[in-house]
Structures are given as C-alpha cells and as structure tokens.
Amino acid sequence: MAEHDRLADEPAQRLALRAQRLDGALEALRGASRVTHGAKVPRALDAARQILAEEGGLELLHERIAALVEAGIFRGSDWDEPDRLVPALARQALTSPDSATVVIEVLSELRFLAIAEGSYTQRPLTPAAAHSHLVRVVALNLSILFGIAGEAERQQGERLAAIARRSLCFIVDRLGFEQVIDELIAEIWRILEQRPIRVEPVREMITQIARCLQDPAIDLGGSGRGAERLVSSLYGPTRACSEDPGVAGYAERLAAMDAVTLQGEVLGLARSMHDTGLVSPYHAVAVRHLLDSNQGTLLPDVLGLSSTGRDCLLCYQGLVHALVEAAIHPQSCQALYGLALMLERGILYQPPVAPALWRQLRLVLAPAARERLLQTYGDTPAPEQQLLAGVLAVLGQPLGIGQGNNPTCQSARALSMWSYAEPDYLLQMVAWAARDDAIIMHFEGDAISSRDGGLPRPPLLGFDLDPVSLLVVPHLDHIYAQMMQRCVGRAEDPHRWVNPEFHGWWAGRGFRINVDVATGKLAALEDFLRHFFACYHPYYNGNQPLIHPQPAGIAVTDSAARFIGWHAITILRVALDQAEEMRVYFFNPNNDGGQDWGDGVVVSTAGHGERYGESSLPFAEFASRLYIFHFDPLEPGAPETVEESVVAGCAERVRGSWAADRIPELAAQAVPPP
Amino acid sequence: MPDDKKTANPENYDPEKGYIALLGWSLNAIEAADQFDRRYVVVAPDWAEEYCQNHDIPYLPWNFERLNDRSVEIAQTLKDMGVDVAIPLFEETVEWAGAINAVLLDKPRLFGQAMLLRDKALMKRRAQLGGIRVGIFEEAHDKDDVIRFLKRVNQTLLKLDGDPNDPIHLKAFDKAGCLGHRVIRTPDEVDTIPEEEFPVLMESHLDGWEFAVEAWIHDGKIAFLNISEYVTLGYSVFVPATPDLEQYRDQIRQQIELLIKTFDIDFGFLHPEYFVTSDGTMYFGEVAYRPPGFKVFELLERAYGFNAYQGLILAFDPKATAEEVAAFFPKEVVDAKTYAGCFGVYPRRRVVSRLEMPPETEDHPYFESHELTPPLEETVTKRTAFGTHWGLVYFQGEDPYKLRDLLKAQEEMDFYV
C-alpha cells in the first residue's frame, strides 16, 4: 500500500479526521426529523466504524457515548432499550459480516460500560445490571476475545473481526480481566444453584472457558479458580473420560470395564450430575450402554437415586427403560437430570401419570409443532424425542422453567405450577398443544380455544426456552389474553377472575389487591398487609403450612427500590429458615430468581433453606413488594392478631419503594377502614 | 428523551402559501417539505402507507402506472383537498404532474408540455424546431433500424470501410438518466440488445464535454442556475463546476432561456444535458422536468447550504412571490462554501463477498460518507447497459480540481471484495 500519497498519514491525524466525520454525521442525525432519522443512522454508524478501526478509537467513542445515544443512534433499532438486550445475542451481532451490525453492537456495549462505570445513566438499567450484562457478554465471547474464532472470523473479514475483538479487549481491560473471569465463574455457580432446565447458555460459557484453559497461549493469570470443576462436569466428569476421549472412545472403554469398575464409573457420573445439575454427554453414553448390555440393575446408581427414587424406578421399570431409550441421547443428555428428579419426586405413583407418559411416548406431533421444534433445536434427536426429553425435564424440575426473553410470565408460572401440583394435567396440556396444535380452557363456563379470537399467536423467542414451553406457552398466552379481554370493563383488576380459572381450582377465589385500578394509587394498604399476614403467616393463621401453590403479583423494583413493573410469581411455601426467620419461598418465572429489589430487599436463591429453583425473602420484606394475592375466603386466618407495628413497618417499606408516587390524596385516605 | 420532531407541526404552515403535492417517494424531499413552511401531501404507491403512518407523514395512496381514464380522479381528489400544485420527483411522475397541474392550475396546455418532456424523440424535434442545436437522431423499431442508422451516421462522417466507427447512442424514450442507455459501435453489438427494449431513440455521438444543468424557473425566469460537472458519465458528478466549465456560464444561461422559450416553461425545474465542443458550441442532449439523479440536490445543499427541494417547492408554488424566491436562493458559485461531489460504485470483481472501504478513499480528507450496503448476492451481474450503481460515496473539499481527480481515481478502486 502506498502510504505516502495519503493525506492523512499519522494515526492521530486520521483519528481526528474521522472524529470530524462523526461530528458531521451526528449533526445530520440530530437535525433529521422523524421522516429521515432512520435513513441517517447508517452514516453515523459508518463514521463510528472508521473510528473503531483506529488506534484510540474505542477510547474516543467511549467518551462520546452519551452524545451518540442522545443523537439517537439506537433509536428505532433493536438496541434502543438496553434493559431488554440479551447477552446471548451479542455474539451473533459481533460476528456479523455487516459492519453496521457489528458497530451498533460495539456501541451498545460501550453504552453498557459507561452505565456500569456510572458515567452515563439510562433508566431503568442500573450500573449493576449493566456490569452483569457485560460480564456475560465477555463470557459468551471469550473465543472472540482470544481470537480463536477461526472460521467465523474468516467469513466476517479481518477488519470487522478486529473491531469486534478489540472492543471486547477494551471492555475487559476496563472491568479487569481476572475479575471478569472470577465473577463469571461465580455467576455460573449462582445460576446452577437455581437448577434451570435450559442450561445451554451456561454450557456455552463453560465451553468458552474450557477452550481458554486448554489453549497454552492464553494465560488466565490468577483467575479461573473453580473453573475446572465446571469444565469437568461437561467434558470429563470421571476418570475414564477425564481427558475428553470422545463419545465413541468412551463407549469402548465402558464395554471393556469389569463390574466393579463400571459401578464406580456410573456412581461418579451421578455424583457429578447432582453436584452441578449439569449432565455430561458421556453420562448419556453410559446410560445407554447399561441398557444395551442388559445391566439395567445399575440404573439407580447411574441416576444417583435415593431409596425413594430407586423404589419408584423398580415399580415402573418398563416405562423408565422406554423413556431412556427414546429421550436420552448425548445431545439431549441434560434430560437425565430431569428423569432422576422425576423419579425422586415419586409422581409416578399418582395413577394418571404413568399412562400419560406412555401416551407421550407414542405422541404424533402436529406439523406446526414439529416444525417449531425443528427450527429451534435441529433434527438430532428427532423432534418427538426432544419433546419427550423436555417433558422429563419439566416433570423433574418444576421450578426450573423460565420464560426466556418473552413477556409470558403468567404462562411459564402456570406450567411450573401444574408440574408441581398436578403433573397429569400438565401432560394433558402438552398432548393437546403438541398433537392437536390447540388447547381449550374454560372461563366462567365458556370454552376458549387457543385458535379463537382471530388474533395471530404472538411469536415467541425460542432460543432460551425448553421444548415444553416452546410448544405450550404460545397457546396459553393466547388463551390468557382472551380471558383478560373478557374482563374488560369490569370495575376491578381482571386477575381476580382470570388467575383461578387459568391456573387451577386451588387458586383461591378470594382476592386482594392494594392498588386502585382506576387511579393506580395505593388502596387500603394496611388492611391488605394485615390480611396477607393472617392468611399466609403460620404465626397468624393457626400454624397452617401453605397447601397449594398460589399465584401472586409482585411490584418489581430495581436496586434503588424504584418501580420497574408488575410481575407474576407463585408462592410455594412459608417456613422458618435455619436462623429461625420466617421466609416466603416462591417461584419466579424470570430466568434468574436472584435479584436486588433495593432498600435491603435482596432475593435469595440459596443458603436460606431454598430448594432448587426457589427464591426466598423474609416474610415482611416479601409482603412489601406484594400487590396481589389470592386466598380461600373460608380460611381467612386471624387478622386481628397481627401486630400494628408489623403492619406499619411493612407499609412504610411499600410507600418508600415502588409506591412512592402512588400515595393517594389525603381526602381519599380519610375513608374509614371497612 | 424529549423529541419535538416526532409529529408534523401544522403551526409551521403559512396559510398564505401554497399547498403542495409531492409525486413519488423521496425521503429527503419529504423531510424538506416537512421542515418548510407550506402544507404538503405525499402521493405515492400503497407500499409507502405503513412508513407514512408510522412517521406521521401526510399521505395519499396512488399507483403511478401509465396514464389512464382514472388519471382525472387523482387530479380531482387533490383539487378537492385544496392542493395548489403537484411536483414530480421522478421521471415516471412527470406526465402525472402535467395532467394534475393542468386541472389544478386550469392550464390544459401543461399536460401536452409534460408529454413533450417525457418523450425523448418528441423533445428533440421540439428543440430542433426552436432552433436549438441537436445531433442526428432517429427512432428505431427493430435491430435493422439500428444497423442502418449506425451505417448512415458513419457515412455522413465520411468514414471509410475499416475505419473505426463513431459510436451511436441508444436510449429508451421515457426513462431517467442512464437507464437503458447503450453505446453501439459495431453491427455485432446490435445483437446484444434485447427485443423488449424497442422502440428506442438513436442518437449520433456528440464529441465534446458533457455536463448537466439544474435550473429553477419562476415566472418564466431563471431563479437559480447550477452547472454540474461530470467526471465520468454514469460514475461521478460534482458541484459547482470547475472554472474551466463555469467560463461558459453566460452561453449556458442563453441556452436555458432558449429552452424555456421553446418549451414554453413558466415555472418549475429544468434539468437538461449539453455537450460543449472545443470551439464553445453547445449541443442539446435532452431535458428532464424533475430533480436530477446522483443526489445532486443533496450535493448542492452541502456546497451552498440551501435546501434544493425547498427551492423546488418555491419554484412550483403559484403562491410564491418574486421577493420570496429571490431571497431564498444564494448567488451562484460565489456563495458556495465548498465543492461537493459523489461517486457511484459498481463492483469491479465478478464475485464479491463483502463491502470494504479502500483505505485510499477513507483516509482522504475530502471523503465524507457513503451509502453503500453489504452485497446481497455474491455474483455480480454483468453490466450490459449503463446499469444502476450499488450506492454513492460522497466527497467534499475546497479545490475542484483535486476533487475531480479524486473522483476519477475512485474508478480504479475496489469497494466490494
């Protein structure tokens, strides 16, 4: 290249020239009306691309990120609302051959960085949430960071790949590399402790770490403690596969083992599975080996079953063998964990469950359902087998269901509740959705079909959903919307009627809400709280543990205790923890139950007596974020015994957090309590 | 974030001024109208409806096919709405504007005038009748006509057998700019013309320097006259022109005045092309009654700072006053703050996988921005006629000669690799 005949030779001079172009582009963008705004964004993105290609370019854009955002560089794009962005999608953008896509993603990460560092604010995203987002983005893209992306890079072109790589390096430098890796490992453990069904993002992060650990050219420094155990749980859980010999090689080794070695081997696999909740593909190989070589007696060992699970397995051996045969493959190995936990739950003893599973084994999928499974998970194993694996996971881990990146918390909550309390009903729903591509539910005596209403079912983002959710949630969501529609015009909150009809007979017909639907202001708060304590708190309800899971509504707040939105959860249990503190244990269909709701209210997911998948809060703290609950009107507890000080303390937390701007006028407050 | 530009603001509209209909879809034209002081409505095919709704743009659906019995319907609709004048944004809407304005302004003559401006063969005859110097031209209905014309032109030029032919140019009667434009040198090349392109207009090749003019006409007089300099036809253009071309400004102005007289133009906008030979003789190529391609309006705004679309609205609006027009336009050439040009990119390789700006372009201080998009297909279709470019690259700088050479140099670069 003939460098000398260029006018801008010096790097600094080039950068200044490009910065000037960016200024011009941003000025044009700011000057554009709504008519041409979208058409003027590409020029600004291209100017940013030129800067990113230069030494010092990232620093320059990082400094000017506020100006870029305010000129509207994200407006009208998927990147406009940072709190809605998913770390798992960053990779696709960063490896895109389209420079505008790469650049807008990089700019978006720089915006996250500025928010995390506190130099820029964009509500409702908190610095902590921005930080956590970045850590995950880095984690999911370690291969880009270390330049071991290979093929993708070739397709993308060297220059764009360099931009993606350098931007991640920049972010890591700012956050601190060792801190990122350590945080990432802690994060993975924290997620695993909640035992989600969908572990693909975790698997991907671990795989990325594994590649870094293996590459002698990469020095993780002092960081990465605890990574080995995660990596081995996927790639080498036992001695016989510790060096990741490949599925075929491992099968040969298993075939050559004597009885004692084999038993030791399968126990090792089970230990690793129950330790992390992650299943190695080798585990599936071992299970299939046992069945193929007539050593089914080792099944309880390879599943790591207790006496309960072992007993259940022995009673339903034919069914379990058929389930393993159909559902457990190296690609769907994770379903083994669901199978083991399903057996442990003893739900096969409920008469309808085993025959319903036999139906599931032979279920013929509707073409639409088949297509949806194929599109999301590919064709190996077959869609029927994927779905069966998904059913096992849902039955074994009712609290591992997540809504993914979809606004469908009610439907995810319903699925979880059914698996938890009425698994045969859940299996019925799956059969309807998968076989008939239609579900019918009833509302106040009228049948409502998921095909009614003439509205198209909203598209679902499937990449982070389990197979059952993928098929059933669109139907449920549509039915739920129709039920809500039928309540339009009623004077009260529609959840009063919809929740019991939608979730099941056990959802209490009694209903309390502490927000006035018409004005959005707080209403009868103290009375609401007193009633909640009396219904749910064992000290005030005659020491009655909660019987059925109950739907409830939460006002979610950010870490500064500001209102974010309404959210559907399930109250599962109320019990004392090891420190003798009364806690509410609940299910949050949001993918991550552990959240900081501000004002000291930090949702715990482990360490306070939680079972896998449960979230928990001390009773009063939970009550301070509650806005809807259901109860049985015939079992009202003893509201008069609830101390005023307890109610007052709780009410203060409500008014100080999500309801800060919902406090009614004095006149309205003067209404005497009923 | 507060955004006061999200909706149209009727308070901007001056009730004393005209109500404008824009015929065709051009975002920059809409933006200009939106930020101007007159009421407007966009008349465009129904695919534009969603965008208009989402962006709060006044809109009337109309599919501009050939003129037909329903043509009077759109004119009547616009008249009922109180629209004063229709402005064509594209070649295909010129005759519609003529038909509509004939009704709106009650001047039936405007329709015939538009038809003249739409048909290149009629246009040349009219020019010839008006005493404007044109080349030899003829209509061709099949390939034999083309071969005969090629031979006759070269006979006229006293070429002997075996001498290289002077080329002839083939153009569609009614397409804009370079669309359908072919250069034919030998009878063999005639076979490459698809049958469906006929009939076409054939012209002798005019040796000389080709350039374009943009003239805003108000009340039969030139309100602003720009000369656009082509570096290579179909590739690049810049404004204002170099002093080498600007030296002909007075003669060019006379030519435009002749054009106004010949075509009986009272208002609006003319975009003719001329050739000037080394002895200063002007040959008329063709004229269009709509904004030029290659984003010349945008280049003019970059160079002078005035919005050429708003100028267009003024030139068409029957309610615009002479004072308003005089105040709006800058003084030609001397008021230009810079020279602005653009280059149309055609991929040079047969197989391309991505867009990569050449460093020689990107590091040049004159380079400003580009509108290139990533390739949709890997294989590049071979260019038969002067095809459509893949996007424009914009430059600006103080030295017109440097700018010209830079634009020329772009032809040797690969933007798609």
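Start by selecting Leu572(A): this residue is buried, with a relative accessible area of 4%. Here buried means under 20% relative accessible area, exposed means over 50%, and partly exposed lies in between (1.4 Å probe, protein chains only).

Before moving on, some ground rules. This is a predicted model, where local features need pLDDT of at least 70 and side-chain atom pairs count only at pLDDT 80 or more, while totals for chains, interfaces and linings use all residues. Residues are numbered from 1 along each chain as its sequence is written, chains are lettered from A and ligands numbered from 1 in the order in which they are written, and side-chain values use heavy atoms, with hydrogens and water left out.

**Stop 1: around Leu572(A)**

Keep Leu572(A) selected and colour strand β5 of chain A, residues 563-576, where this leucine is found. Helices (H or I, at least four residues) and strands (E, at least two) are DSSP runs, numbered from the N terminus. Now show the partners of Leu572(A): leaving out residues up to four places away in sequence, it touches Leu399(A), Tyr420(A), Leu546(A), Pro549(A), Tyr585(A), Phe586(A), Phe587(A) and Glu614(A). A contact means heavy atoms within 4.5 Å. For a distance to display, try Leu572(A) to Val584(A): the two are 12 residues apart in sequence, and their C-alpha atoms are 7.6 Å apart in space.

**Stop 2: helix α24 of chain A**

Next, select residues 409-421, which form helix α24 of chain A. At 1.5 Å a residue, its 13 residues should span 18 Å, and the end C-alpha atoms are indeed 18 Å apart. The expected span of a helix is 1.5 Å times one less than its number of residues. How many of the 13 residues of α24(A) are buried? The count is 11, so this helix is mostly covered. Among them are Cys409(A), Arg413(A), Met417(A) and Trp418(A).

**Stop 3: helix α25 of chain A**

Move along to residues 423-436, helix α25 of chain A. Its 14 residues should span 20 Å at 1.5 Å a residue, and the end C-alpha atoms are 19 Å apart, which agrees. Show the side chains of Pro423(A), Leu426(A), Leu427(A), Met429(A), Val430(A), Ala431(A), Ala433(A) and Ala434(A), which are buried in α25(A). What do the buried residues of α25(A) pack against? Their partners in chain A are α21 (353-361), α22 (367-377), α23 (383-396), α24, β1 (440-443) and α26 (467-486). Just after α25(A), click on Asp437(A), which takes a positive phi of about 55°.

**Stop 4: helix α15 of chain A**

Select residues 259-276 to bring up helix α15 of chain A. The 18 residues should span 26 Å at 1.5 Å a residue, in agreement with end C-alpha atoms that are 26 Å apart. Buried residues of α15(A) include Leu262(A), Val266(A), Leu269(A), Met273(A) and Thr276(A). An α-helix has 3.6 residues a turn, so residues three or four places apart point the same way. To see what surrounds the buried residues of α15(A), add α11 (177-193), α13 (227-235), α14 (247-255), α16 (281-292), α17 (299-302) and α20 (335-345) of chain A, against which they pack.

**Stop 5: around Leu45(A)**

Now go to helix α2 of chain A, residues 37-52, and pick out Leu45(A). Is Leu45(A) buried or exposed? Leu45(A) is buried, with a relative accessible area of 7%. Beyond its neighbours within four places in sequence, Leu45(A) is in contact with Ile73(A), Ala100(A), Val103(A), Ile104(A) and Leu107(A). Leu45(A) and Val103(A) are 58 residues apart in sequence, with C-alpha atoms 6.5 Å apart.

**Stop 6: zoom out to both chains**

Show the whole of chain A, which has 31 helices and 8 strands. Its C-alpha trace spans about 90 × 85 × 55 Å along its principal axes. Of its 674 residues, 55% count as buried. Among contacts in chain A with a separation of 6 or more, 72% come from residues 24 or more positions apart.

Finish with chain B, where there are 15 helices and 16 strands. Along its principal axes, the C-alpha trace of chain B spans about 70 × 50 × 45 Å. Buried residues make up 55% of the 417 residues in chain B. For contacts in chain B between residues at least 6 apart in sequence, 67% join residues at least 24 apart.
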